[in-house]
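Load the model in your viewer and keep the selection tool at hand. The tour begins at the ligand and then moves through the protein, stop by stop.

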Amino acid sequence: MGKIAIMGAMPEEIDPLLAKLENVKENGYGANIYYEGSYGSKEVVVAYSKIGKVFAALTATILIEKFGCEKLLFSGVAGAISDDLKIGDLVIADGLCQHDLDITAFGHPYGYVPEGEVCIPTDVNLRNIAKQVAKEKDIKLKEGVIATGDQFVASFERKEWVGKTFKASALEMEGASVAVVCNALNVPFFILRAISDSADMDAGFDFDAFLESSAKVSAEFILEMVGRIEE
Ligand code: ADE
């Protein structure tokens, strides 16, 4: 059985994972710390990247290329776009796009660059494991497009635009860059987010208030999944 990477962007997103990890060994690499350990019979490597697409791409690459992880699960928080997503609700990405990638001046759609894709799909098997956990535990789980950008969105207009342009249900700042890396390196990946705010004018306040509790909801769900991953 190959190693499983579990990453977040912020300490609050991985602390609930580290609390449950056994035989932990800390490795410093690339200006970051990678926690190798076990969860039940599974070997895992946990790290937080720091916020944003560039740091997340770096961490995902290191988890795969340096630590040899063969699957990658991301756990964290997101701003809601869909009205049916409330604070603490879980959403899994069926695909991820970069809402701040814009070469529309050359006639391309938003989120697209030549030889790339607007929306990168996540692994179907991992999504099915998530649905199985949700069903068994009677947890509400929404599936939809998650839009990523190097911006904390706290504007009704921007969130509506992202929602309309990418048919996105939620937005955050790392998922699509992890998707680009895993897709290029053929590593099955999965992105889970619990809602911390609604990306509107209250978003900054709500994010501070709910980061910790929502991050924990996401991390606990991820650990339920890790126990069920087979090959
Ligand atoms: N992550 C959580 N809330 C967010 C927001 N409003 N914008 C970007 N990333 C987020």
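**Stop 1: the ligand**

Select the ligand and Gly 79. A nitrogen atom of the ligand sits 3.3 Å from a polar backbone atom of Gly 79. Keep in mind throughout that this is a predicted model.

Add Val 153. Here a nitrogen atom of the ligand is 2.8 Å from a polar backbone atom of Val 153. Now add Asp 197 and show its side chain. An N or O atom of that side chain lies 2.6 Å from a nitrogen atom of the ligand. How much of the ligand does the protein bury? Taken alone, the ligand exposes 260 Å², and the protein buries 97% of that.

**Stop 2: the shell**

Widen the selection to the 13 residues around the ligand. Gly 79, Phe 152, Val 153, Leu 171 and Asp 197 come nearest. By class, the shell has eight nonpolar, three polar and two charged residues.

Switch to cartoon and colour strands E5 (69-80), E9 (168-172) and E10 (189-197). Each of these strands supplies at least two residues of the shell. Which element gives the largest share of the shell? Strand E5 does, with three residues.

**Stop 3: aromatic pairs**

Keep Phe 152 selected and add Phe 207. Their rings form an edge-to-face pair, 5.5 Å centre to centre, with 80 degrees between the planes. Phe 152 is in the loop between strand E8 (141-148) and helix H4 (156-166), and Phe 207 is in helix H6 (residues 203-228), so the pair ties together parts that are 55 residues apart in sequence. Compare the two partners in a surface view. Phe 152 is partly exposed at 39% relative accessible area, whereas Phe 207 is buried at 16%.

How many aromatic pairs does a search of the whole structure find? It finds four. Go to another of them: select Tyr 34 and Phe 67. This pair is stacked, with 4.9 Å centre to centre and 25 degrees between the planes. Tyr 34 belongs to strand E3 (residues 32-39), and Phe 67 to the loop between helix H2 (53-65) and E5. The two are 33 residues apart, and the pair links distant parts of the chain. Both Tyr 34 and Phe 67 are buried.

Next, select Tyr 110, Trp 161 and Phe 166. These three residues form one aromatic cluster.

**Stop 4: the cysteines**

Show the cysteine sulfurs. How many disulfides does the structure hold? Zero. Pick Cys 119: the nearest cysteine sulfur, that of Cys 97, is 5.2 Å away. Cys 119 is partly exposed, with a relative accessible area of 32%.

Then pick Cys 182. Why is Cys 182 without a bond to Cys 69? The closest cysteine sulfur to that of Cys 182 is in Cys 69, 9.8 Å away, which is too far for a bond. Cys 182 is buried, at 1% relative accessible area.

**Stop 5: positive phi**

Finish with two backbone checks. Most residues other than glycine have a negative phi.

Select Glu 115, in the loop between strand E6 (90-98) and strand E7 (120-121). Glu 115 has a positive phi of about 75 degrees although it is not a glycine. Buried or exposed? Glu 115 counts as exposed, at 85% relative accessibility.

Last, select Asp 138, in the loop between helix H3 (124-137) and E8. Its phi is near 55 degrees, a positive value in a residue other than glycine. Asp 138 is exposed, with a relative accessible area of 71%.

Definitions and conventions:
Residues are numbered from 1 along each chain as its sequence is written. This is a predicted model: local features need pLDDT of at least 70, side-chain atom pairs count only at pLDDT 80 or more; totals for chains, interfaces and linings use all residues. Side-chain values use heavy atoms; hydrogens and water are left out. A residue is near a molecule or strand if one of its heavy atoms lies within 4 Å of it. A polar contact is a pair of N or O atoms within 3.5 Å; within protein, one must be able to donate a hydrogen and the other to accept it, and residues adjacent in sequence count only if both atoms are side-chain atoms. Accessible areas come from the Shrake-Rupley method with a 1.4 Å probe; for residues, only the protein chains shown count as cover. Helices (H or I, at least four residues) and strands (E, at least two) are DSSP runs, numbered from the N terminus. Ala, Val, Leu, Ile, Met, Phe, Trp, Tyr, Cys and Pro count as nonpolar, Asp, Glu, Lys and Arg as charged, and the others, Gly among them, as polar. A disulfide is a pair of cysteine sulfur atoms within 2.5 Å. Buried means under 20% relative accessible area, exposed over 50%, partly exposed in between (1.4 Å probe, protein chains only). Rings of Phe, Tyr and Trp (its six-membered ring) pair if their centres lie within 6.5 Å; planes under 30 degrees apart count as stacked, over 60 as edge-to-face and the rest as tilted.
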